[in-house]
Structures are given as structure tokens and as C-alpha cells.
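Let's take a friendly walk through a protein model together. Have a look at the picture first, and then read on.

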Amino acid sequence: MSPQNTEKEMKKANKVAGAEAKRRAKAAKLRTKAAKIRMQVNRYERKIVALHRKIADIERKALIVSGHAKR
């Protein structure tokens, strides 16, 4: 759900002043917040995986250079 929709829902809920509607709007807002954070986490996890791959490549090269690589 987009932030604009949640804002509209909040305004509508405040007009109606129904506790259930307010709760639903707040829950939607929190869900979008959680989704944004989840996306950030996924982005960082991808970066970490890429760095681990780089490390593995460098270590592989080091083994070859040192002559300890298995043939």
C-alpha cells in the first residue's frame, strides 16, 4: 500500500472516528514501514553476498600464487 493511500485512510478514519478504521489505517502505515525496512535489509544482504564472493576469488588467487592449490 502506498503512503498516500494510508494518509487518505487516516483522514477518512478520523472523520468517521471509528476506532476500528483508525486501527486499520495505523496497521497499514506500519506494514508499509516494515516493508521498506525489509527492502533495505535485502539490499544490504545482496551487497554482503557480493563481498563474500570477492573475498573467495581473492583467496582462490592467493592459493594459486602460493602453489598450495589442489590440482
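A good place to begin is a small polar contact: the backbone oxygen of K29 lies 2.5 Å from a polar atom of the side chain of T32. Keep in mind as you look that this is a predicted model.

**Around T32**

Where does T32 lie? You will find T32 in helix α2. Is T32 buried or exposed? Its relative accessible area is 14%, and because buried means under 20%, T32 counts as buried. T32 has company in this respect: the buried residues of α2 are A25, A28 and T32.

**The helix and the whole chain**

Now zoom out a little. The chain has two helices and zero strands. Helix α2 runs over residues 19-66, which makes 48 residues. From its first C-alpha to its last, α2 reaches 70 Å, close to the 70 Å expected at 1.5 Å a residue.

How much of the chain is buried? Of its 71 residues, 8% count as buried. The accessible surface of the chain comes to about 6,700 Å², and carbon and sulfur atoms account for 60% of that surface.

**Two salt bridges**

Next, look for charged side chains that meet. How many salt bridges does a search of the whole structure find? The search finds two. One joins the side chains of E20 and R23, and another joins those of D57 and R60. The table puts them side by side.

| Salt bridge | N to O distance | Relative accessible areas |
|---|---|---|
| E20 and R23 | 2.8 Å | E20 43%, R23 51% |
| D57 and R60 | 2.9 Å | D57 37%, R60 48% |

Where do the partners sit? E20 and R23 both lie in helix α2, three residues apart, which is about one turn of the helix. D57 and R60 are also both in α2, again three residues apart, or about one turn.

The percentages in the table also tell you how open each side of a bridge is. Exposed means over 50% relative accessible area, so R23, at 51%, is exposed. Its partner E20, at 43%, is partly exposed. In the other bridge, D57 is partly exposed at 37%, and R60 is partly exposed as well, at 48%.

**After the helix**

Finally, follow the chain past the end of α2. The helix is followed by G67, whose phi is positive, near 85 degrees. A69 has its place in the segment after α2. Which residues does A69 contact, leaving aside its neighbours within four places in sequence? The answer is L63 and I64, and residues 19-66 make up α2, so you can trace these contacts back to the helix in the picture. With a relative accessibility of 25%, A69 counts as partly exposed.

Definitions and conventions. Residues numbered from 1 in each chain as written. Predicted model: local features only at pLDDT ≥ 70, side-chain atom pairs only at ≥ 80, totals over all residues. Heavy atoms only, no water. Helix = DSSP H or I, 4+ residues; strand = E, 2+ residues; numbered from the N terminus. Buried < 20%, exposed > 50% of the residue type's maximum accessible area, 1.4 Å probe, protein only. Areas by Shrake-Rupley, 256 points an atom, 1.4 Å probe, with all protein chains shown as cover. Expected span 1.5 Å × (residues − 1). Polar contact = N/O pair within 3.5 Å; in protein donor to acceptor, adjacent residues only side chain to side chain. Contact = heavy atoms within 4.5 Å. Salt bridge = Lys/Arg side-chain N within 4 Å of Asp/Glu carboxyl O.
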